[in-house]
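User: I am new to reading protein models and would like to learn how to go through one step by step. Could you guide me, starting from a single residue and working outwards?

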Amino acid sequence: MKFFIDTANLTEIKEAYDLGVLDGVTTNPSLMAKEGIRGDENVRNHYKAICDIVDDKVSAEVIATDFEGIVKEGKELAKIDDKIVVKVPMIKDGIKAIKYFSSEGIRTNCTLVFSAGQAILAAKAGASYLSPFIGRLDDIAFDGLDLIGQIVHIYQNYGFETEVLAASIRHTMHLIKCAELGADVVTCPLKVITGLLNHPLTDKGLAQFLADHAKANS
Ligand code: E4P
């Protein structure tokens, strides 16, 4: 299972990278706006700065929603660095663009996926990654994890190469359940990755070991 961090914050990306378990980064226009990144040149520079921190796979999302616009913007994004994966929304022109990028050898991440039907379309178009949004489905009383299981099952049935990138992850149990269900990748905030470290028995056990060592060596 691969871990991507879901942020455009350079400090958090560096912290996750330094932990040694990071495989990539996902961003979206809201996350870029949260960091105050605006204007084409600043956006490009920021993506480059992210690429300079990590080893591979930085999802950069297009803003255009028509085929020609998505292709133009995606090509520009892909030129920033070999690590860029062009993130394309699950819309009709997005699917056409994913097919085009696939034929050009440009990696894509199909985003805003909320159904198995959308997942089938994206795989047929040749998306490198598929991003079903778990948390946003949970928010409207649909089980986001059920969708992950359904898509993993369908992709296995047909040997689709598109990787299931579970997104909109809100807490550690989302991540652990995605691992059980066989998601290829999870993308989540730093606190979810570091949250995996926590167990009170680890803290208690370590305190005891250190106290016993100190006593024996005093
Ligand atoms: C990542 O690719 C998605 O854009 C992101 O996980 C969405 O998360 P949110 O639902 O917490 O905004």
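Analyst: Let us begin with isoleucine 176, which lies in helix H9, a helix that covers residues 172-181. Please keep in mind throughout that this is a predicted model.

User: Is isoleucine 176 buried or exposed, and why?

Analyst: The general idea is to count neighbours around the residue, where 12 or fewer C-beta atoms within 10 Å make it exposed. Isoleucine 176 has 12 C-beta neighbours inside 10 Å, and therefore it counts as exposed.

User: How far apart are isoleucine 176 and valine 186 in sequence and in space?

Analyst: Along the sequence they are separated by 10 residues, while their C-alpha atoms are 9.6 Å apart in space.

User: How should I describe two helices that pack together?

Analyst: Two packed helices are described by the angle between their axes and by the distance between those axes. Here, the axes of helix H8, residues 144-158, and of H9 come within 10 Å and cross at roughly 20 degrees. Because of that angle, H8 is roughly parallel to H9, and the crossing of H8 and H9 is right-handed.

User: Which residues surround the ligand?

Analyst: Among them are Asp6, Thr26, Asn28, Phe133, Arg136 and Thr187. Sorted by character, the residues of the shell around the ligand comprise 2 nonpolar, 7 polar and 2 charged.

User: What confidence scores does the model carry?

Analyst: The model scores ipTM 0.98 and pTM 0.96, and the chain has an average pLDDT of 98, with 100% of the residues scoring at least 70.

Conventions:
Residues numbered from 1 in each chain as written. Predicted model: local features only at pLDDT ≥ 70, side-chain atom pairs only at ≥ 80, totals over all residues. Helix = DSSP H or I, 4+ residues; strand = E, 2+ residues; numbered from the N terminus. Buried ≥ 20, exposed ≤ 12 C-beta atoms within 10 Å, placed from the backbone. pLDDT = per-residue confidence, 0-100. Near = placed C-beta within 6 Å. Nonpolar A, V, L, I, M, F, W, Y, C, P; charged D, E, K, R; others polar. Axes fitted to C-alpha atoms, helices over the stretch in contact; angles between N-to-C directions. Parallel < 35°, antiparallel > 145°, perpendicular 65-115°, else oblique. Left-handed = near helix turned anticlockwise from the far one by under 90°.
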